[in-house]
Amino acid sequence: MTTCANCGRELQPAWKYCIHCGARTTVPLTGVVPSALTTDPENQPRRVNVLAVLALILGCLLSPLAALFGHVAVAQIKSSGERGLVAAWIAVVLGYIWLVALAVLVITYVTTNG
């Protein structure tokens, strides 16, 4: 075992700093942090909001409910920081398009057959 040049206490071979005085040892720093020690939330992959995906699917299936689910997904994404904001807004737009189309169809049917 080696000893610390600053305080003279024994050092483990893997130590880069003396745990007693904080002096740097002769072990070279590699600059690689073990993955177990990385707790930076920015490095963690963000999840996709499930409701945004569901709203987009409903929007593709010609459902006006896509607007409702899209608005709820946007609120969830803004509070949780999940991914899927663009998909949620696309679903909102598609939902309103299908809502207007459905309203036009219903009004046309009622006025022509009434």
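This passage walks through the fold, the core, the surface and a few individual residues of a predicted model.

To start with the overall layout, the protein has 3 helices and 2 strands. Read from the N terminus, the order of these elements is β-β-α-α-α. Of its 114 residues, 21% count as buried. Contacts between residues 24 or more positions apart make up 38% of those with a separation of 6 or more. The accessible surface adds up to about 8400 Å², and carbon and sulfur atoms hold 66% of that area.

At the start of the chain sits strand β1, which covers residues 2-3 and includes Thr2. Thr2 counts as partly exposed because its relative accessible area is 49%, which falls between the 20% and 50% cut-offs. Leaving aside residues up to four places away in sequence, Thr2 touches Arg9, Glu10 and Leu11. Thr2 also has a C-alpha to C-alpha distance of 7.2 Å to Gln12, with the two positions 10 residues apart in sequence.

Next comes the loop between β2 and α1, where Thr25 is found. With a relative accessibility of 13%, Thr25 is classed as buried. What does Thr25 touch, not counting residues up to four places away in sequence? The list is Leu11, Trp15, Lys16, Tyr17 and Cys18.

Arg47 belongs to that loop between β2 and α1 as well, and it takes part in a salt bridge that links distant parts of the chain. The partner is Glu82, and the two side chains meet at 3.4 Å, N to O. Glu82 lies in the loop between α2 and α3, 35 residues away from Arg47. Side chains of opposite charge can pair when their charged atoms come close. A search of the whole structure turns up 1 salt bridge. Are the two partners buried or exposed? Glu82 is buried, since its relative accessible area is 18%, under the 20% limit. Arg47, by contrast, is exposed, with a value of 58%.

Moving on to the interior, the largest nonpolar core has 6 residues: Leu51, Ala52, Ala73, Val74, Ile77 and Ala88. Two elements, α1 (50-60) and α2 (65-80), give two or more residues each to this core. The largest share, 3 residues, comes from α2. One of the core members, Leu51, touches Phe69, Val72, Ala73 and Gln76 once residues up to four places away in sequence are set aside. Of these contacts of Leu51, Ala73 is itself listed in the core.

Ala88, another member of the core, also appears among the buried residues of helix α3, together with Ala87, Ala91, Val92 and Gly95. The cover over these buried α3 residues includes α1 and α2. Helix α3 itself runs over residues 85-113, 29 residues in all. From its first C-alpha to its last, α3 reaches 42 Å, close to the 42 Å expected at 1.5 Å a residue.

Leu102 is another residue of helix α3. Leu102 is partly exposed, with a relative accessible area of 44%. Its C-alpha atom is 9.5 Å from that of Leu62, although the two are 40 residues apart along the chain.

Leu62 brings the text to the loop between α1 and α2, which is where this residue is found. Leu62 has a positive phi of about 65° although it is not a glycine. Most residues other than glycine have a negative phi. Leu62 is exposed because its relative accessible area is 54%, and the cut-off for that class is over 50%.

Finally, there is a nonpolar patch on the surface. Which residues form this nonpolar patch? They are Val48, Val53, Ile57 and Leu61, with about 340 Å² of accessible area together. Val53 has its place in helix α1. Val53 is partly exposed, at a relative accessible area of 40%. Helix α1 thus turns up in two settings, because it gives residues to the largest nonpolar core and also holds Val53, which is partly exposed and part of the patch.

Note on methods: Residues numbered from 1 in each chain as written. Predicted model: local features only at pLDDT ≥ 70, side-chain atom pairs only at ≥ 80, totals over all residues. Heavy atoms only, no water. Core = buried A, V, L, I, M, F, W, Y, C linked by side-chain atoms within 4.5 Å. Buried < 20%, exposed > 50% of the residue type's maximum accessible area, 1.4 Å probe, protein only. Helix = DSSP H or I, 4+ residues; strand = E, 2+ residues; numbered from the N terminus. Contact = heavy atoms within 4.5 Å. Patch = residues over 30% accessible without salt bridge, like charges linked within 9 Å, V, L, I, M, F, W, Y side chains within 5 Å. Areas by Shrake-Rupley, 256 points an atom, 1.4 Å probe, with all protein chains shown as cover. Salt bridge = Lys/Arg side-chain N within 4 Å of Asp/Glu carboxyl O. Expected span 1.5 Å × (residues − 1).
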